[in-house]
Amino acid sequence: MLRPTGKQYVVTRPLYSEDAFADEHAKVRRQRKTTRHHVKDYFTWNSKRVKNAALSLLPIVGWMRIYRLKEWLLSDIVSGVSTGLVAVLQGLAYALLASLPAWYGLFTAFFPVIVYLFLGTSRHISVGAFPVLSLMVSAVVTRMVPDEGSLFNITGFQGLSIEEQRVMVAASVTFLMGLMQLAMGLLQIGFIVMYLSDTLVSGFTTAAAVHILVSQLKFVLGLEVRGLSGPLSIIYVSEGKIFVQIEKTNMCDLATSLVIMVVVFLVKELNDRYKAKLPVPIPVEVIMTVIACGISYAFDFKEKFKVDVVGHIPMGYESPVAPNMEIIGHTAVEAFPMAIVGFAVAFSVAKVYAVKHDYTIDGNQELIAFGASNIFGAAFKSFAASTALSRSAVQESTGGKTQIAGLISALIVMVVTLAIGFLLEPLPKSVLGAVVIVNLKGMLMQVCDVPYLWRRDRPDCVVWLVTCLASILLGLDLGLAVGLGAELITVVFRTQFPRCSVLANITGTDIYKDRKDYVSIYEPEGVKIFRIPSPIFFANIDFFRGKLVEAVGFNPLRVLRKRNKAMRTIRKLLEKGELQMLPKGLLFTSSGPIEECEHYSNMEDLDKPIDFKDLPLRVNWNSDLPANIQVPRVDVHSLILDFSAVSFLDISALKGLKAIKEFIWVEVEVYIVACDAHILEKLHSCMFFDEDIKSSMFFLTLHDAMLHVSEKHPVRSENTNVYTKQEGIPQSSNTFGGVRKQYHKYKCI
């Protein structure tokens, strides 16, 4: 019965053990489906399920039915035009980042967008090239086709130029990446990205930004630098390829890049500061690109200043091609991390906008959408597609409501590809490099998170640092694997070495907290409450047992051995007549030293309780024993294990938990409280209970167990202490948890 009284509540109910509660309150019996039923349901189809499956596979049908033509169409058109202009520029820049001819970036900004329009569940992300993925493509491309020519004997490379070979490698690895994403989506394993924490992704993208920065220096400085991939490649490129040629810097490229970076940076800052007042963000990258393109054409930068420009851009699209299976066999290792990173970044961005605009996205459907987009795009020689945060921000901030904006942006890209691409031919590559570097600001500024992480959560900080440094030094693919390993190690350490604690009652309440953290606490004499704050499994069961022994202050097995030896010695002395029974106690009559019997000392059953019922006495182990027999004293009569935070036990933990009977053997009562119902079922099914460990030792709550202990071991007022840590002086009390003698009621304030 619950009676609220203002900010207090009063509860009156019986004291419950798990057995008592189960006897009094019947449980609902649920019929659990077998694997056979799940398989049958999966392959059973009806009209409703077919309709839901169609809507799930084609999300465009869902949002097109609610499309508000008059309200949303104009916003989508404005957003699509703005996003399309940015997509053209970023497509060219990220194609160079992928070590491919610039115009192939236009393909990536078109084909994947069309497929995602029909299959994607996000209405606001802009699909296309992503700098981190472009860099990962570049690593594969430069490994398979270095500047001096391919080192692999690939049949499809015969008669192709180096650029054409690189395009084939990029398209093939993109096809394999899309195939992996599609397979994961169909198998419903989109949850795999949950293993990439925000900390790991932050460290990884920061390292990727460093790689991107170094890779763009050759365009900014106007140097000829051969691409390298593999561990320590960033050091070889920086020291051996760039800095040794620093005196060959093209000053026109450098000046152009600096002007572009300063202007774009300042205008972007103004966009952020006045975004509430501006109807649409100022498309500064597009404006500066047009200006730079015009100046380059007017002053003939290519001939007069030897500036490297984009050059010839073919009109139209190329015929679709099949992926090269030999290349796929050589790039499978790189394709998998690309598939994971591409989806993880896109899904995280999509979640942000889905929450902001109040709609849901489906992770598995997103995998299917990106997989199909990359497979379709690879057929037309586009490279890996995901989403870029800056481009998606433009699409959303300019008023985009649905993927109609993405369709409009794809049409803008198509117009450039089919009609006006030649206008971009005099564009200096240094301008594209400068734009890429400026857009790295968000990723590079993640370094500022390190001090915060160090203060708040050092294991997470270690994951960030390990992932970032490994990705910088070893490359993005190996760095991601190392970071994931470091993350899993921190999870293992958090569960393998949890912060166990000894609890005490907060005076006058039914609340129990760590005894080290509070001033006014109540600890009944002879009672220890031990809290386990994590699952118990094979890796931490020994740690848990060690902490438990440390908490109670004695090793029960050692005490048991000492007691067994002492009882055998007493039996031997009684048999020899050197120990006599008197009304006041035992009298030791021998004056010589006590000799331990070899027969007894070498027996292996000292670790088990021995039946001494034939002896005419009962030993009080906390009193002085005769003949100077020394046995460690045990001041604890009740041990309570708080399982409220234990979510599962494995078989090793069940075997290790059996060790609690060692406490029972030394006359310490053990109670387990707040145990999860599924764990209790597992204990019963695994035959955990025996003549020592009984189900009656399990209690519903910690307070129930404490009341039971208090009832079984009444505490005299002179032995009960309420500790006030500020004074350090125990005060006499005969109340417990707001209860005075009536153990079945308590009052909480």
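**View 1. Gly 399 follows helix 17 with a positive phi**. Phi of Gly 399 is about 105°, and this residue comes just after helix 17. The model shown here and in every view is predicted. Helix 17 covers residues 389-397. Its buried residues are Arg 391, Ser 392, Val 394, Gln 395 and Glu 396. The cover over these buried residues includes helix 5, helix 15 and helix 18 (404-420). Strand 3 (127-128) and strand 4 (386-387) are also part of that cover.

**View 2. Ser 79 of helix 5 meets Gln 395**. Ser 79 sits in helix 5, residues 69-97. Ser 79 counts as buried because its relative accessibility is 0%, and the cut-off is under 20%. A polar atom of the Ser 79 side chain lies 2.7 Å from the backbone oxygen of Gln 395. Neighbours within four places in sequence aside, Ser 79 is in contact with Val 394, Gln 395, Thr 398, Gly 399, Gly 400 and Ala 405. Two of these names, Val 394 and Gln 395, also appear among the buried residues of helix 17.

**View 3. Two lysines carry a positive phi**. Most residues other than glycine have a negative phi. Lys 306 has a positive phi of about 55°. Lys 306 is placed in the loop between helix 14 (301-304) and helix 15. Lys 306 counts as exposed because its relative accessibility is 63%, against a cut-off of over 50%. Lys 381 has a phi near 70°, again positive. Lys 381 is placed in the loop between helix 16 (363-379) and strand 4. At 22% relative accessibility, Lys 381 counts as partly exposed.

**View 4. The largest nonpolar core has 112 residues**. Those with the most contacts inside this core are Ile 125, Val 132, Met 136, Val 169, Ile 260, Met 338 and Leu 432. Helix 15 (residues 325-357) gives the most to the core, with 16 residues. Another core, of 37 residues, lies apart from it. Ile 536, Val 634, Ile 660 and Leu 680 are among the residues of that other core.

**View 5. Leu 432 and its contacts**. Which residues is Leu 432 in contact with, leaving aside its neighbours within four places in sequence? They are Leu 89, Leu 92, Ala 93, Leu 96, Val 310 and Leu 427.

**View 6. Spans listed as transmembrane region**. An unreviewed UniProt entry lists residues 73-96, 102-119, 250-268, 280-299, 335-355, 367-384, 404-424 and 461-486 under this name. Residues 250-268 are 95% helix and 0% strand. The end C-alpha atoms of residues 250-268 lie 27 Å apart. Residues 404-424 are 81% helix and 0% strand, with end C-alpha atoms 26 Å apart.

**View 7. Cys 252 and Cys 468 are buried**. Cys 252 has a relative accessible area of 16%, so it counts as buried. Cys 468 is at 7% relative accessibility and is buried too. With sulfur pairs required to lie within 2.5 Å, the disulfide count comes to zero.

**View 8. Strand 8 pairs with strand 5 and with strand 11**. Strand 5 (residues 501-506) and strand 8 (residues 527-531) pair in the antiparallel sense over three bridges. Leu 503 stands opposite Ile 529 of strand 8. Strand 11 (residues 638-642) pairs with strand 8 in the parallel sense, over five bridges. Here Arg 531 stands opposite Asp 642 of strand 11.

Technical notes:
Residues are numbered from 1 along each chain as its sequence is written. This is a predicted model: local features need pLDDT of at least 70, side-chain atom pairs count only at pLDDT 80 or more; totals for chains, interfaces and linings use all residues. Side-chain values use heavy atoms; hydrogens and water are left out. Two strands pair if DSSP finds at least two bridges between them. Helices (H or I, at least four residues) and strands (E, at least two) are DSSP runs, numbered from the N terminus. A nonpolar core is a set of buried Ala, Val, Leu, Ile, Met, Phe, Trp, Tyr and Cys residues joined through side-chain atoms within 4.5 Å. Buried means under 20% relative accessible area, exposed over 50%, partly exposed in between (1.4 Å probe, protein chains only). Contact means heavy atoms within 4.5 Å. UniProt positions are given in the numbering used here, feature names are shortened, and annotations may be inferred rather than shown by experiment. A polar contact is a pair of N or O atoms within 3.5 Å; within protein, one must be able to donate a hydrogen and the other to accept it, and residues adjacent in sequence count only if both atoms are side-chain atoms.
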